[in-house]
Amino acid sequence: MIKIIRDINSSLGVKLPRIQAEEARLRLIKAGILLKAKKIIKNRDFVYLPISDSASLVNILEDLEYQIEYQVFPDELLKPSIIDSLKLEFPDEPWEEISVKFDQIGEIGLLRLDSELTSKAFRLKVGTKILSAYPKINSVLNKLDITEGIKRTFPIEFLAGEEKYESWHKEYGVLIKVDLKNAYFNPRLAEEHRRLSLEVTNDDRILDLFTGVGPFSLHCAKEHHCEVIAVDINPYAIKNLNASIKRNKLKGSIIPIIGDAGKVFRENRYFDRIIINLPNHSINYLAYASKLVKNGGIITFYQFVEKNIQPPQSLVSIIDEKLKNVCTYDILTNRVGREVSPSRIQVNVDLRIYNE
Ligand SMILES: C[S@@+](CC[C@H](N)C(=O)[O-])C[C@H]1O[C@@H](n2cnc3c(N)ncnc32)[C@H](O)[C@@H]1O
């Protein structure tokens, strides 16, 4: 008989692949069984969530790849999140109405603190508070408006520390040079960058259209002996990608190109995988990409969809409309990804293309 020996200090937890952990965390909070007094444990590939009870897990996490495991979860020192501590420190602000988010990007703290409902004096105080709470942050910025324009950048307000917009950010060991003023970057896509790179194999030829500062390309080339062509119309984005190529020890190669992603190639059936990440318009590049991918190759694309029209199913007929006279295809995955606004979400789709 096998005897399972449990550390006396261990407690009940669930183990999940990192890509599924956030979804699971939210469901466990909703079900009231995530243990707040214990810290979540993460390693390179998995996240362990401390729970109080496993009886209802089958229903809560049924479609996720989870395992029940005993772990020694360190005690959460009941340190409130930065947003919670701001609420305690500035109780008179109309917090129910203010939208606020916070990300650490390398040495920069990036807030999204509503500038219509808050005063500049208040935002400066918040900046100073963040600077003192995070020893690794030396510059605090505030995103003032939505991401827009061809470069997908946004207006930024400087709040505290050193006025700088460039930094080195790390995702799963990949160093990414960012320049928030001049080129798009979103640290919330880290899990997706990682997920995709784990699906790539050695010798794959990858085309990363709309590469930005190149996180998908860098993740793939760091992990595999693959060949990546990375295209962006913004020269600042490519300048940063070039800096990252020099800084990382890559197994594969990346060829950065400044140019219009929709025009750099003609029909060539050269690529094993094409990434299309211009979520306002990705769907419009499907037919073009399906002529560049090999027969049996994969197109991964990200598209914003209105929540009220039943994503991700709502995309299926649009994909069909775009590809019906061009090629045949299988939808390999069609997932609802992150929420981008109260009314919109991003849908992540993998298509296998048959174009012979
Ligand atoms: C959503 S961002 C890229 C995100 C990036 N793949 C990532 O994961 O961080 C979209 C990018 O498309 C670029 N872009 C917009 N229109 C373009 C075009 N016609 N050709 C090439 N790049 C374009 C922008 O400069 C921007 O960097």
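Which helix and strands cover the buried residues of helix 4?

## About the model

This is a predicted model, where local features need pLDDT of at least 70 and side-chain atom pairs count only at pLDDT 80 or more, while totals for chains, interfaces and linings use all residues. Residues are numbered from 1 along each chain as its sequence is written, and side-chain values use heavy atoms, with hydrogens and water left out.

## Helix 4 and its cover

Let's start with helix 4 (helices are DSSP runs of H or I, at least four residues, and strands are runs of E, at least two, numbered from the N terminus). Phe122, Arg123, Val126, Gly127 and Ile130 are buried there (under 20% relative accessible area with a 1.4 Å probe, protein chains only; exposed is over 50%, partly exposed in between). Down the axis of helix 4, the buried residues fall within an arc of 145 degrees, taken from the directions to the C-beta atoms, so they line one face.

As for the opening question, the cover includes helix 3 (82-89), strand 5 (100-105), strand 6 (108-113), strand 7 (139-143) and strand 8 (156-161), with contact meaning heavy atoms within 4.5 Å.

## Aromatic pairs

The whole structure holds 7 aromatic pairs (Phe, Tyr or six-membered Trp rings with centres within 6.5 Å; planes under 30 degrees apart are stacked, over 60 edge-to-face, the rest tilted). Phe102 and Tyr134 have ring centres 5.2 Å apart and planes at 45 degrees, so this pair is tilted. Phe102 lies in strand 5 and Tyr134 in the loop between helix 4 and strand 7, so the pair ties together parts 32 residues apart in sequence.

Ring pairs also link Phe90, Trp95 and Phe122 into a cluster.
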